[in-house]
Amino acid sequence: MSDSDTARITIDTKRVIGEISPLLFSGFAEHMGRCVYEGIYEPASPQADENGLRVDVLAALRELNYRSMRYPGGNFVSGYRWEDGIGPRERRPVRRELAWQSLETNQFGTDEFIRFCREIGTEPMLAVNMGTGTIQDAANLVEYCNAPTGSHYANMRASNGQEEPYGVKYWCLGNEMDGPWQIGHLDAVDYARKAREAAKLMRLQDETIQLVLCGSSSSKMPTYPDWDRISLERCWDLVAYHSMHYYANNLEDDTPSYLSLSAAFEDYIDTVAAVLRYVKAKTRSKHDVYLSWDEWNVWYKAREMSDKRGRWTEAPHLIEEVYNLEDALVVAQWLNVFLRRADVLKIACIAQIVNVIAPILTTTDSLLKQTIYYPLLMFSQMASGNSLDLLVESPRYETKQFGDMPLLDASSAHDEAAGRNSIFIVNRSLIEGMPIEIRWGDVAPKRITSAHQLSGDDPKAYNSWKDPNHLTTRPIYAPKIIDGVAQLSLPPLSFTALGVEL
């Protein structure tokens, strides 16, 4: 395209896609590598508080404002005995953890996790073991967390220092049970049968809990989307959400296609959403099930788990991905997709939150915010209310993987109660700036109150310990709105977030 070409975004606050669930901005913490130990929990660190939690990590996580936190896995949960992680620490067993071939000390367990969630102001989302675990184990954990005292597991919680129930609302019925790599892997029919019985027993303990059914662990699984259909047909009436997992990569080093992966993300949602509609119709149900994309992130550079894994050590360094500019732009587009499908997608958990494929890296005494931290921060702070269906007119470019694609990727949120409109825009171009007009069709906006941008000229650039602020979102000039139109120029390889007072 030439510099004279102008792209346009037209906003109509009446064109509502759906209400934006705050749970779209959630996280995932697994007992893998250095996520929990030497990440969240590190008593020997000078940054540790009296409970062994890293205060610098807590501060960064509070800033991101995760609305819920999925735990303790991941592949880890399919071999996890939750009772190992409660009670006096000196009595907790050290076990060989088979999923990541590490040593699990169990010094951080359910009670510590709930304390951690309260420290950062997030809702816990606990996963139960559908691999080696039984449906009784799952129900016992619900009793431990949510029952009033007077019964065995509730009294056990009280003896461990928590008289009042935790009131955990969100529960995952296992993890990636469609995967042959999963401990206790089941086919769709056997999983659905076990998940249904576990759900019944768990809901007898607490009928208010909301359950997440295991969906396909990738759109590339040979059983996708049949797995989703089969499991949903058998469990529809007992669950509130159905999970999706996906990890993006640029293994081909094809940046133009990589920057258009939103097409794949949307296709994945559209397919599973169609399965939801089909099963609802087939079961003649008035009950709705929504999507939970409870593992998502970029991951392809750090692959240590594939051959070495943990070598039976504590907190091994596993898949500590270093994120660059193009990764951050893919994450920004992923979040755009979440808003564009806010009608059916209600939970999304980035995997993971510290060290392991995470927006934050740590050493014993310091912390680094990676490039992907910043789009997460912008969306978490600004995206609320309703998602809007935008009219985006953009020059296009050719990609090997997706064919002809627009250079602009955008989403918008309208919070009527706050009188605020937020706009999120990615310019996929590698070399060209883009003039853009933003028009409001049904309202007269007052002013753009904030404008932040993440951009650079090298898609492979990243933040390092020597240069931790090389790529961050920085304030830019907020353009004036004249006759309902704002004009600005987007640099190549950029993500821009605008806040507008209506």
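## Exercises around Asn463

Asn463 sits in the loop that runs between β22 (447–455) and β23 (474–475). The model you are looking at is predicted. Let's work through it together.

**Exercise 1.** Decide whether Asn463 is buried or exposed.

*Solution.* Start with the cut-off: a residue is buried when its relative accessible area is under 20%. Asn463 has a relative accessibility of 2%, so it counts as buried.

**Exercise 2.** Find which backbone nitrogen atoms the side chain of Asn463 reaches.

*Solution.* Begin at His470: its backbone nitrogen is 3.3 Å from the side chain of Asn463. Then move to Leu471, whose backbone nitrogen lies 2.6 Å from a polar atom of the Asn463 side chain. Finally, look at the surroundings: leaving out residues up to four places away in sequence, Asn463 touches residues including Tyr323, Leu368, Tyr374 and Pro468.

**Exercise 3.** Place β22 and β23 in their sheet, and work out why β23 has one side without a neighbour there.

*Solution.* First, read the strand order of this open, seven-stranded sheet: β2-β15-β19-β20-β26-β22-β23, with antiparallel pairing. β2 (16–19) and β23 are the edge strands with a single partner each, so one side of each lacks a neighbour in the sheet. Next, check how β22 and β23 are joined: they run antiparallel and share two bridges. Gln453 has Arg474 in β23 as its bridge partner.

**Exercise 4.** Identify what helix α10 touches on the sheet.

*Solution.* Locate α10 at residues 373–382, then trace its contacts: the helix packs on the sheet and touches β19, β20, β22 and β26. Last, compare directions: α10 makes about 15° with β26.

Note on methods: Residues are numbered from 1 along each chain as its sequence is written. This is a predicted model: local features need pLDDT of at least 70, side-chain atom pairs count only at pLDDT 80 or more; totals for chains, interfaces and linings use all residues. Side-chain values use heavy atoms; hydrogens and water are left out. Helices (H or I, at least four residues) and strands (E, at least two) are DSSP runs, numbered from the N terminus. Buried means under 20% relative accessible area, exposed over 50%, partly exposed in between (1.4 Å probe, protein chains only). A polar contact is a pair of N or O atoms within 3.5 Å; within protein, one must be able to donate a hydrogen and the other to accept it, and residues adjacent in sequence count only if both atoms are side-chain atoms. Contact means heavy atoms within 4.5 Å. Two strands pair if DSSP finds at least two bridges between them. Axes are lines fitted to C-alpha atoms, for helices over the stretch in contact, and angles run from 0 to 180 degrees between N-to-C directions.
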